[in-house]
Amino acid sequence: MMDLRLFSGTKLRTNLNTIDFFYYIDYMTNFRKLIYGLEKKYFLFTILTPITMLGEVAMEVLIPMLMAKIIDSGISSYNVEYVVKMGLLMIGAALLSLTFGVLSGRLAALASTGFSHNLRRNLFNKVQDLAFSNMDKFGTSALVTRLTSDVTNAQNTYQMVIRICVRSPAMLISAAVMAFFIDRELASFLFVVIPVLAAILAFIGFKAFPRFREMLKQYDKLNSNVQENLTGIRVVKSFVQEKAESEKFAKTAEKLRNTQLKAERIIIFNMPVLQLMMYACIIILLWSGGTRIIAGSMQAGELISFLTYINQILLSLMMISMIFVMLILSRASISRIMEVLNEETAIKDPATNLTSQRNETENSSRTDVIDGSVQFKDVSFRYTNQGKSVLSHINLDIPSGATVGIIGGTGSSKSTLVQLIPRLYDASSGRVLVGDRDVRDIPLEELRKSVGMVLQKNVLFSGTIRENLLWGNKQASQEEIERACSQADADNFIKGFPNGYDTVLGQGGVNLSGGQKQRLCIARALLTKPKILILDDSTSAVDTATDARIRQALRESLPETTKIIIAQRITSIQEADMIVVLDDGIIAATGTHTELLETCGIYREVYESQQKGQD
């Protein structure tokens with residue numbers, strides 16, 4: 001498997017307008033290192049591609065020389081036998097060139113697709129390892145672009161590097177040697193043409209790179225627009241906002257078009273300049289060569305082969321320019337891919353941390369979560385893009401098996417508080433303990449297996465109801481599935497479907513109501529048999545009677561499981577052993593329902609307003 005950590009030497013430049021030749025040296029070095037990291041079969045394809053390409057170049061360079069011999073030695077002396085002999089050699093060389101070309105194309109395709117397969121797999125695996133804070137930094141649409149368009153750009157560049165990057169220099173050098181062999185004086189003009197072309201290409205490339213990088217950012221915005229629109233299409237149609245969304249998309253697409261035109265406005269000069277130089281060279285050579293033939297210092301066959309070699313040289317330069325353009329585009333894509341691959345995950349798994357491994361060795365009997373007790377010790381938390389702490393000096397002790405309710409206004413950081421327990425985020429300061437152990441010292445897999453969490457946003461995946469439930473426990477029996485669904489009050493509506501547990505769900509569970517999705521998510525969490533169950537406003541879409549049945553089932557069937565319930569309705573938590581009132585990131589009060597009615601003004605105000613609403 002390819003080890004993309006070899007890219008770690010690449011430095012992402014902040015000043016994109018600086019002409020940095022060493023960047024390209026580093027860039028190509030990273031590609032060379034990637035080749036060494038390929039799987040064995042793709043490594044073999046990568047090695048064979050340039051070898052077959054060199055065979056094709058050798059045959060193409062041989063053909064003009066044979067053609068010159070036919071004209072100067074065969075036709076001029078009317079030697080038919082010699083013409084036939086050289087003609088057959090030309091046909092054989094052409095067939096070999098075709099064979100080598102087809103092989104190199106096939107091998108390059110296999111190598112490049114293997115490269116992109118491994119790159120995309122490693123990139124996806126990296127995304128899976130990132131913490132929520134890392135994901136917040138990039139954004140979903142930007143990650144999608146990196147996994148698709150950017151990887152495709154890298155794949156195309158890789159194919160060109162192992163094929164065209166070998167063919168063009170080899171053809172350039174071979175044809176130049178043959179041209180000098182025919183007429184040194186006439187070929188000397190190449191010393192003028194090639195440096196001029198190289199300077200023009202360098203200027204175009206370094207001017208175009210920042211523009212292509214900006215173009216890829218616009219692709220991110222376009223993907224974000226499309227993703228947001230398709231995800232919320234029902235809301236769009238409900239509010240009759242199709243026209244507004246179409247106009248919004250049109251503006252984003254127009255901005256992308258403009259940035260793309262701005263980027264390509266420089267690149268389009270590449271081919272005309274090369275063609276101008278190419279035709280100018282041919283005119284000069286025809287004039288000079290014709291003069292030499294008249295003077296008797298050059299034969300017609302030599303001039304024809306010389307022109308063919310010059311044409312091969314100029315075509316090689318054109319192909320090099322194409323590679324240069326691809327490198328410009330892929331340079332931006334590779335840097336964006338590297339931003340993800342080099343991203344340090346904010347949450348370190350102690351199973352892969354040497355310090356934590358030593359701690360585990362010292363306390364090897366404590367490799368799992370022994371109970372569902374939870375402690376917050378002077379915990380504060382802030383998001384990476386915010387200066388202010390959203391949680392401040394939280395101290396809370398939840399005994400194992402207790403039922404705890406959390407209530408507070410919108411933005412009081414209720415969800416953030418419970419997300420610190422399974423380490424979806426890490427506390428900025430202080431300690432979070434589960435089973436009397438710091439969560440940072442518990443292997444992530446063990447910790448998250450012990451914490452069943454139903455997030456505020458209910459997420460179901462394409463597939464059957466059974467397949468979605470088995471996310472909680474792949475080995476769960478039908479009896480265990482039905483028991484969990486019964487506890488979540490989901491079995492009745494599932495059995496009402498013609499196919500029962502084999503009912504196919506649309507993407508995101510679109511063919512279910514909000515309450516049905518919530519109950520399926522609760523059942524999925526119950527199948528993990530957690531020591532701690534967190535319900536983050538997970539019954540907001542069900543009626544109060546269903547809510548009461550779910551709470552009663554959880555209380556009776558999971559007496560030893562710690563249950564943490566975030567709710568907006570006080571009726572959902574008033575029977576809890578302890579209720580925590582959060583206000584602007586701090587604990588305003590804790591106690592039972594009766595105690596808080598007497599001592600906490602915030603709680604009493606919420607309770608009275610909800611009671612009036614019911615009346």
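Let me start with one pair of helices, H3 and H5, which cross each other in a right-handed sense, and let me say at once that what we are looking at is a predicted model. Helix H3 covers residues 80–129 and helix H5 covers residues 140–162, and the two pack at an angle of about 150 degrees with their axes 9 Å apart. Because an angle over 145 degrees counts as roughly antiparallel, H3 is described as roughly antiparallel to H5. If we sort the residues in this contact by class, we find 14 nonpolar, 8 polar and 2 charged residues.

Now to a second pair. Helix H2, residues 40–75, packs against helix H6, residues 164–182, at an angle of about 30 degrees, with the axes 9 Å apart, and these two helices are therefore roughly parallel to each other. The crossing of H2 past H6 is right-handed. On the H2 side, the residues that meet H6 include Pro 50, Met 53 and Leu 54, and among their counterparts in H6 are Val 166, Arg 167 and Ala 170. By class, this contact has 10 nonpolar, 1 polar and 3 charged residues.

Finally, a single residue: is Thr 416, which sits in helix H14, residues 414–419, buried or exposed? Its relative accessibility is 7%, and because buried means under 20%, Thr 416 counts as buried. Leaving aside residues up to four places away in sequence, Thr 416 touches Phe 381, Tyr 383, Val 390 and Leu 391. With one of these, Tyr 383, Thr 416 also shares a polar contact of 2.8 Å between the side chains.

Terms used: Residues are numbered from 1 along each chain as its sequence is written. This is a predicted model: local features need pLDDT of at least 70, side-chain atom pairs count only at pLDDT 80 or more; totals for chains, interfaces and linings use all residues. Side-chain values use heavy atoms; hydrogens and water are left out. Axes are lines fitted to C-alpha atoms, for helices over the stretch in contact, and angles run from 0 to 180 degrees between N-to-C directions. Helices (H or I, at least four residues) and strands (E, at least two) are DSSP runs, numbered from the N terminus. Angles under 35 degrees count as roughly parallel, over 145 as roughly antiparallel, 65 to 115 as roughly perpendicular and the rest as oblique. A crossing is left-handed if the near helix is turned anticlockwise from the far one by less than a right angle, and right-handed if clockwise. Contact means heavy atoms within 4.5 Å. Ala, Val, Leu, Ile, Met, Phe, Trp, Tyr, Cys and Pro count as nonpolar, Asp, Glu, Lys and Arg as charged, and the others, Gly among them, as polar. Buried means under 20% relative accessible area, exposed over 50%, partly exposed in between (1.4 Å probe, protein chains only). A polar contact is a pair of N or O atoms within 3.5 Å; within protein, one must be able to donate a hydrogen and the other to accept it, and residues adjacent in sequence count only if both atoms are side-chain atoms.
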